[in-house]
Amino acid sequence: MLLMQKIQDEWGPIIAATCHASSVPEAFIAALIANETGGDPKATRFEPAVYARLKAKHPDWEDSKVRDNATSWGPTQIMGYNYPGPCRDLQGPAISLNHSLRMLSGFAEQYELDVTREFEEMFRCWNTGRPNGKTYDPQYVENGLRRMKVYESLSVPVS
């Protein structure tokens, strides 16, 4: 509850602004941020296995470029290789959330998912790249679904 209140307080306005022209519910984006970083826009995570694959695939790249592309960035932890611009831009909330929506739309189109209701599959896509993927954290999807409900309850105006 406290984490989702923090997400709403710190991220609610930008989530609302970003999602206003999207079918992706604000609660999904809020839960995604909570699952991935707890709301830390500067969060990064280097992935050694991705680094090794990219290094083998792109031996001509500078090491810093390989490292940046093998790192996940920002509040929703987008892998550097999934972003066409400078990876550090993903630490900017507006850029990160807009790109997150583009990626979610891509998953929905690729796998014929409804972003307004197939949340389990969307969380799996985000974490594994496929709607039936096995998440590293077995509670990832369950946590996301629970956090969505909490966020929705916080968004209801008190009368």
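Hi everyone. Let's start with a crossing: helix H2 passes helix H6 in a right-handed sense. Before I go on, please keep in mind that what you have on screen is a predicted model.

So, the geometry of that pair. The axes of H2 and H6, the latter being residues 119–128, come within 12 Å and cross at roughly 40 degrees. That angle makes H2 oblique to H6. If you'd like to click along, the H2 side of the meeting is Phe28, Ala31, Leu32, Asn35 and Glu36, and the H6 side is Phe119, Met122, Phe123, Trp126 and Asn127. Sorted by class, the residues of this contact are seven nonpolar, two polar and one charged.

Let me stay with Glu36 for a moment, which sits in helix H2. Is Glu36 buried or exposed? In fact it falls in between: its relative accessibility is 22%, so Glu36 counts as partly exposed. The cut-off for buried is under 20%. Leaving aside residues up to four places away in sequence, Glu36 touches Pro75, Thr76, Gln77, Trp126, Asn127 and Tyr140. There is also a sequence-distant pair to look at here: Glu36 and Gly74 are 38 residues apart in sequence, with their C-alpha atoms 9.0 Å apart in space.

Next, the sheet. It is an open sheet of three strands in the order E1-E2-E3, and the pairing is antiparallel. Which strands stand at the edges? Those are E1, residues 44–46, and E3, residues 78–79; each has a single partner strand, so one side of each has no neighbour in the sheet. As a general reminder, strands of a sheet pair through backbone hydrogen bonds, either parallel or antiparallel. Strand E2, residues 71–73, pairs with E3 in the antiparallel sense over two bridges. If you want one position to zoom in on, take Trp73, whose bridge partner in E3 is Ile78.

Back to the helices, and to H2 again, this time with H1. Helix H1 covers residues 2–19 and helix H2 covers residues 26–37; their axes come within 9 Å and cross at roughly 130 degrees. That makes H1 oblique to H2. The crossing of H1 and H2 is right-handed. On the H1 side, the contact is made by Leu3, Met4, Ile7, Trp11, Ile15, Ala16 and Cys19, and on the H2 side by Glu26, Ile29, Ala30, Ala31, Ile33 and Ala34. In terms of class, the contact of H1 with H2 has 12 nonpolar residues, no polar ones and one charged.

One more partner for H2, and that is helix H5, residues 93–111. The axes of H2 and H5 come within 12 Å and cross at roughly 110 degrees. At that angle, H2 is roughly perpendicular to H5. Here Phe28, Ile29 and Ile33 of H2 make the contact with Leu97, Leu101 and Leu104 of H5. What classes of residue does the contact of H2 with H5 have? Six nonpolar, no polar and no charged.

While we're at H5, have a look at Ala94, which is placed in that helix. Ala94 has 39% relative accessibility, so it counts as partly exposed. Its C-alpha is 7.1 Å from that of Ile14, although Ala94 and Ile14 are 80 residues apart in sequence.

That's my tour. Thanks for listening, and I'm happy to take questions!

Terms used:
Residues numbered from 1 in each chain as written. Predicted model: local features only at pLDDT ≥ 70, side-chain atom pairs only at ≥ 80, totals over all residues. Heavy atoms only, no water. Pairing = 2+ DSSP bridges. Helix = DSSP H or I, 4+ residues; strand = E, 2+ residues; numbered from the N terminus. Axes fitted to C-alpha atoms, helices over the stretch in contact; angles between N-to-C directions. Parallel < 35°, antiparallel > 145°, perpendicular 65-115°, else oblique. Left-handed = near helix turned anticlockwise from the far one by under 90°. Contact = heavy atoms within 4.5 Å. Nonpolar A, V, L, I, M, F, W, Y, C, P; charged D, E, K, R; others polar. Buried < 20%, exposed > 50% of the residue type's maximum accessible area, 1.4 Å probe, protein only.
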